[in-house]
Every structure is written in structure tokens, then in C-alpha cells.
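User: I'd like a close look at the salt bridges here. Could you walk me through who pairs with whom, and where those partners sit?

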Amino acid sequence: PFRSPDHLQCAVDRDRIIFGGGYIGGIFPFNDPMRYVYGYYPKKGRFVNVTAFPSSRLRGNTGVGVFQRKWYFVNGNTAGHGQGIRTTSKFFDRYDPILDQWSELPDSPTA
């Protein structure tokens, strides 16, 4: 479902693996952040486009975790590889796949 992903992050939520917060396309070092979060169902061998990142919160190199059926995306870089401190992000977001709802959380203390 995506071409040439880079710094792709993943976490497990029950029967699927969540992919998001990487880079896709663009010209190094100004790679484009992935716009979508995907789910991969290993037993079915199938990818599903689950949701789009909010446009104001796009970034790559993002940490991904799952806790109590909610997905968390933390930090990252808004302008591709190695662009330095000016493009690192302290964003911390939660996605609820049951309600299909994003929430902005307080920024992380460090990027």
C-alpha cells in the first residue's frame, strides 16, 4: 500500500500490526511524512488504510505505541532526515480506532 517506506514505525494491536509515522517519497534528505496509518493483518496477509494523520500533525520518524486499545504517536521530524533541531517535533497524539478519533495530547518534554 505504500512505496519505499523509510523509518517506518510499528506496534501491535491485537490481530494487526499498526504502521505509521515513517517517510514515504520525496527526495532525500527532504522526505515526505506518511499521511496515513495502516493496519496489517498477518493471518490474512492484508493491509488496510486505517486513518489519515491530521494534516497539522504530519511527521516522520515518529514513535508508535498501543495502550488500552488506543494508538499513540510521539515526537518525530517534520522535514525528513537529518534536518536538525529546527524540524524535530514534540507532538504527542492519540488515535482511538474504535471511535475513529484523533486527540492532541500535551507535547512531550523533549523532541
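Analyst: Happy to. Keep in mind that this is a predicted model. Searching the whole structure turns up six salt bridges, and here are some of them in detail.

Let's begin with D13, which is buried at 2% relative accessibility. Its side chain meets that of R69 in a salt bridge, 3.2 Å from N to O. D13 belongs to strand β2 (residues 9-13) and R69 to the loop between β8 (63-67) and β9 (70-77), so this contact ties together parts 56 residues apart in sequence. R69 itself is partly exposed, with a relative accessible area of 26%.

Next up is R57 with D93, a side-chain salt bridge at 2.9 Å, N to O. This one also links distant parts of the chain: R57 is in the loop between β7 (46-52) and β8, while D93 is in strand β10 (residues 88-96), 36 residues apart. Here both R57 and D93 are buried.

Strand β10 comes up again with D96, which forms a salt bridge with K70; their closest N and O atoms are 3.8 Å apart. K70 sits in strand β9, and the two residues are 26 apart along the chain. As for exposure, D96 counts as buried at 10% relative accessibility, whereas K70 is partly exposed at 28%.

One last thing about R57 and D93: they're part of a network. Salt bridges with shared partners join R57, R59, D93 and E104 together.

Technical notes
Residues numbered from 1 in each chain as written. Predicted model: local features only at pLDDT ≥ 70, side-chain atom pairs only at ≥ 80, totals over all residues. Heavy atoms only, no water. Salt bridge = Lys/Arg side-chain N within 4 Å of Asp/Glu carboxyl O. Helix = DSSP H or I, 4+ residues; strand = E, 2+ residues; numbered from the N terminus. Buried < 20%, exposed > 50% of the residue type's maximum accessible area, 1.4 Å probe, protein only.
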